[in-house]
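Here are a few exercises to work through with the model open beside you. Try each one before you read its solution.

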Amino acid sequence: MKAAILREYKQPLQIEETETPTPGPDEVLIKIEACGVCHSDLHIAEGDWTHLLRIIKRPLIPGHEVVGRVVQIGEAVNNLQIGDRVGVAWTHWTCGECELCKEGHENLCSSQSITGATVDGGYAELMKAKASHALKVPDALSSEEAAPLFCAGVTVYHAIKKSGIKPGQRLAVFGVGGLGHLAVQIAKCFGARVIAIDIADDKLEFARRLGADITINAATDVAKQIRRLGGAHVAVVTSAAKAAYDAAFYAVRSSGTLMVVGMPAEDLSFPAIMMREISIMSSATGTREDVREVLELAAAGKVKCQVETRPLEQVNDVFDEMRRAKITGRVVLKM
Ligand SMILES: [Zn+2]
Ligand SMILES: [Zn+2]
């Protein structure tokens with residue numbers, strides 16, 4: 001099968017013929033139809049995440065927003081059949097037995113495996129996956145629009161659900177990119193009044209089309225404008241820029257929540273935080289239940305990921321565009 005393979009950090013992925021994986025008894029083989037390109041894939045390929053280098057497989061096939069058809073099943077599999085269309089997320093497998101799994105936080109499982117990081121992912125024609133963690137995709141969604149929901153979609157869905165936002169409350173989304181444009185739509189599903197913040201006016205226009213009630217250009221005094229509205233009950237920061245976290249901190253009203261979803265490029269500091277009873281929370285992907293819920297919202301037409309498709313061979317060009325922040329929405333590799 002053809003695959004894009006990471007051999008050396010900071011080098012282009014190699015498009016090569018490689019051996020088709022053989023599924024184990026509890027696994028399925030998936031003929032991939034679409035795989036989203038996530039910023040995390042680029043970070044892995046660059047070797048940026050020094051805390052993870054120890055566990056990253058190499059050579060590695062990256063990619064963790066995978067949708068395709070089951071073409072082979074292991075002998076112990078009874079929840080899936082050949083021909084089923086399924087998706088695979090960042091969380092490749094969880095033990096079901098550790099404290100975190102048992103408490104419903106399987107996304108934090110202490111012995112999880114990670115698609116496209118500790119095991120091979122979806123930048124390929126075929127991949128194997130655990131049958132327990134390959135989730136059926138609703139018929140109403142195409143494979144390319146479903147794929148990004150397995151990371152970008154579930155990540156913001158889990159974050160917004162976890163924030164405890166209630167109908168009518170103000171939720172500010174910092175950054176209207178791959179994650180942010182989904183956050184605007186998902187926050188509307190939770191009944192929030194959505195304030196979208198970005199540096200680019202065309203992205204603010206895009207956010208309004210997606211249902212944002214108010215948009216604010218990040219070049220202005222964002223925190224002041226949001227405080228004038230009463231402050232945000234929740235600020236969801238999808239950006240890596242320290243300035244976005246600083247603005248979000250002052251935009252959140254007392255007793256509100258700052259939800260860290262992006263990967264801050266610098267250390268953050270929150271001065272005199274105890275004065276306002278603000279919660280700083282972080283969110284890491286989501287559970288299988290979260291994936292199913294966000295897929296249902298998308299199948300009902302309430303959440304739509306903006307997608308551009310490209311062939312597998314162009315993955316290194318897509319990485320370049322990502323480095324230069326040239327991508328709106330999500331790029332999906334179509335096999
Ligand atoms: Zn991702
Ligand atoms: Zn576990």
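**Exercise 1: where the domains meet**

Work out how many residues of domain 1 are in contact with domain 2, and which helix gives the most.

Solution. In this predicted model, 12 residues of domain 1 are in contact with 10 residues of domain 2, contact being C-beta atoms, placed from the backbone, within 7 Å. On the domain 1 side, helix H9 (residues 288-299) gives the most, with 4 residues. By type, that side divides into 5 nonpolar, 3 polar and 4 charged residues; Ala, Val, Leu, Ile, Met, Phe, Trp, Tyr, Cys and Pro count as nonpolar, Asp, Glu, Lys and Arg as charged, and the others, Gly among them, as polar. The bounds are 2-151 + 286-334 for domain 1 and 155-282 for domain 2, from an automatic or database domain assignment. Taken over C-alpha atoms, the two centres are 27 Å apart.

A word on conventions: residues count from 1 along each chain as its sequence is written, with chains lettered from A and ligands numbered from 1 in the order written. As the model is predicted, local features need pLDDT of at least 70 and side-chain atom pairs count only at pLDDT 80 or more, while totals for chains, interfaces and linings use all residues.

**Exercise 2: the sheet**

Find the strand order and the edge strands of the open sheet.

Solution. Start with the order: E12-E11-E10-E13-E14-E15, 6 strands with parallel pairing. Strands are DSSP runs of E, at least two residues, and helices runs of H or I, at least four, numbered from the N terminus; a pair needs at least two DSSP bridges. The edges are E12 (214-217) and E15 (279-282), each pairing on one side only. Now zoom in: 5 bridges join E13 (residues 232-237) to E14 (residues 252-260), and Val237 stands opposite Val260 in E14.

**Exercise 3: a covered helix**

Is helix H5 mostly covered or uncovered, and what does it pack against?

Solution. Count first: 8 of the 10 residues of H5 (residues 180-189) are buried, meaning 20 or more other C-beta atoms, placed from the backbone, within 10 Å of their own. Among them are His181, Leu182 and Gln185. Next, look around: the buried residues pack against helix H4 (152-163), E10, strand E11 (193-198), helix H6 (201-209) and E13. Just after H5, Gly191 takes a positive phi of about 85 degrees.

Key. Buried ≥ 20, exposed ≤ 12 C-beta atoms within 10 Å, placed from the backbone. Contact = placed C-beta atoms within 7 Å.
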